[in-house]
Amino acid sequence: MVMRHPTPGIVSRSARYLHKPLINGGDGVGEHPTQALLDVFTIREEIGTVNGITVTMVGDLKHGRTVHSLARLLTLYNVKLQYVSPPELKMPTEVTDYVKSKKISQTYFEDLLEAMPHTDVLYVTRIQKERFPSPEDYEKVKDSYLITPETLIKAKQGMIVMHPLPRVNEISVELDADPRAAYFRQAENGVLCENGFTCHVARQMLAMLLGKC
């Protein structure tokens, strides 16, 4: 079973009452672990390793469930994390505390250009209008960051730009032709990872059934 729900934490709570595998397909502003798995797969495919790199997450880090899960998953590797966001959209304390407990370096920036020279993976998230209590709050921050070809002038040639999609206007379409723009390849990898999840769950269920025979 795959569950997507607007309430953070509901998937883990529901799993306690099920005897079948339950996959979290996204729980509100909480977590999106399956997206994080395909993100790490994409990084390995694009760069060749997940170790020894700097991952910069930019945008709505407060409400972005993809970055919450990715930050947690990346603690399994030797990485450095950089966060770029408006002050009111910082990464939640429960995520940064978890990352800190794993001895992973974390640095916060408001200016994206300051973070670019050391970045191997630029992970961009959209600022989600539906997460704000009022249109006025959204308008204040909606155009905080726009990734253009000019943004990458001081970036490493071997770096990549990722985005869980869909995008609004945080990445210019002019960037799409840049070989460092990996977000469409990232989306294609989602099909491979979904097939992998399905096969893994099917094997687990088969093992359970055979065990009862």
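**Exercise 1. Find how Tyr183 is placed and describe its ring partner.**

Step 1. Begin with burial: Tyr183 has 0% relative accessibility and so counts as buried (buried means under 20% relative accessible area, exposed over 50%, partly exposed in between, with a 1.4 Å probe and protein chains only).

Step 2. Before going on, note the ground rules: this is a predicted model, in which local features need pLDDT of at least 70, side-chain atom pairs count only at pLDDT 80 or more, and totals for chains, interfaces and linings use all residues. Residues are numbered from 1 along each chain as its sequence is written, and side-chain values use heavy atoms, with hydrogens and water left out.

Step 3. Now look for aromatic pairs: the whole structure has two (rings of Phe, Tyr and Trp, the last by its six-membered ring, pair if their centres lie within 6.5 Å; planes under 30 degrees apart count as stacked, over 60 as edge-to-face and the rest as tilted). For Tyr183 and Phe184, the ring centres are 5.0 Å apart and the planes stand at 70°, so this pair is edge-to-face.

Step 4. Check the partner too: Phe184 has a relative accessible area of 42% and is partly exposed.

**Exercise 2. Work out the surroundings of strand β4.**

Step 1. Set the scene: the protein chain has seven helices and seven strands (helices, H or I with at least four residues, and strands, E with at least two, are DSSP runs numbered from the N terminus). Along the sequence they follow the pattern β-α-β-α-β-α-β-α-β-α-β-α-β-α.

Step 2. Look at burial: of the six residues of β4 (residues 79-84), five are buried, so the strand is largely enclosed by the rest of the structure. For the chain as a whole, buried residues make up 46% of the 213 residues.

Step 3. Find the neighbours: β3 (residues 53-58) runs parallel to β4 and is joined to it by six bridges (two strands pair if DSSP finds at least two bridges between them). β5 (residues 105-109) is also parallel to β4, with five bridges between these two.

Step 4. Read off some partners: Met57 is opposite Tyr83 of β4, and Tyr83 in turn is opposite Tyr108 of β5. Leu81 has Gln106 in β5 as its bridge partner.

Step 5. Trace the connections: between β3 and β4 the chain passes through helix α3 (residues 65-74), in a right-handed β-α-β crossover (right-handed means that, with the strands pointing away from the viewer, the path from the first strand over the helix to the second runs clockwise). A right-handed β-α-β unit is also made by β4, helix α4 (residues 93-101) and β5.

**Exercise 3. Locate Glu88 and give its exposure.**

Step 1. Glu88 sits in the loop between β4 and α4.

Step 2. With a relative accessible area of 43%, Glu88 is partly exposed.

Step 3. Compare sequence with space: Glu88 and Leu61 are 27 residues apart in sequence, and their C-alpha atoms are 9.4 Å apart.

**Exercise 4. Pick out the backbone oddities at Lys103, Leu165 and Pro166.**

Step 1. Lys103, in the loop between α4 and β5, has a positive phi of about 65° although it is not a glycine. At 73% relative accessibility, this lysine counts as exposed.

Step 2. Leu165 has a positive phi of about 60°, and it is not a glycine either. This leucine is partly exposed, at 29% relative accessibility.

Step 3. Look at the next bond: Leu165 and Pro166 are joined by a cis peptide bond, with omega at about 0°. Pro166 belongs to the loop between β7 (160-162) and α7 (183-212).

**Exercise 5. Describe the largest cavity.**

Step 1. Count: the structure holds two cavities of 30 Å³ or more (on a 1 Å grid over the protein atoms alone, a cavity is a set of points where a 1.4 Å probe fits but cannot get out; lining residues have an atom within 4 Å of a point).

Step 2. The largest has a volume of about 80 Å³, a volume being the space filled by probe spheres set on the points.

Step 3. Its lining includes Val58, Tyr138, Lys142 and Glu170. By class, the lining has six nonpolar, three polar and three charged residues (Ala, Val, Leu, Ile, Met, Phe, Trp, Tyr, Cys and Pro count as nonpolar, Asp, Glu, Lys and Arg as charged, and the others, Gly among them, as polar).

Methods
On a 1 Å grid over the protein atoms alone, a cavity is a set of points where a 1.4 Å probe fits but cannot get out, and a pocket is an open set with protein on both sides within 12 Å along at least five of seven lines; lining residues have an atom within 4 Å of a point.
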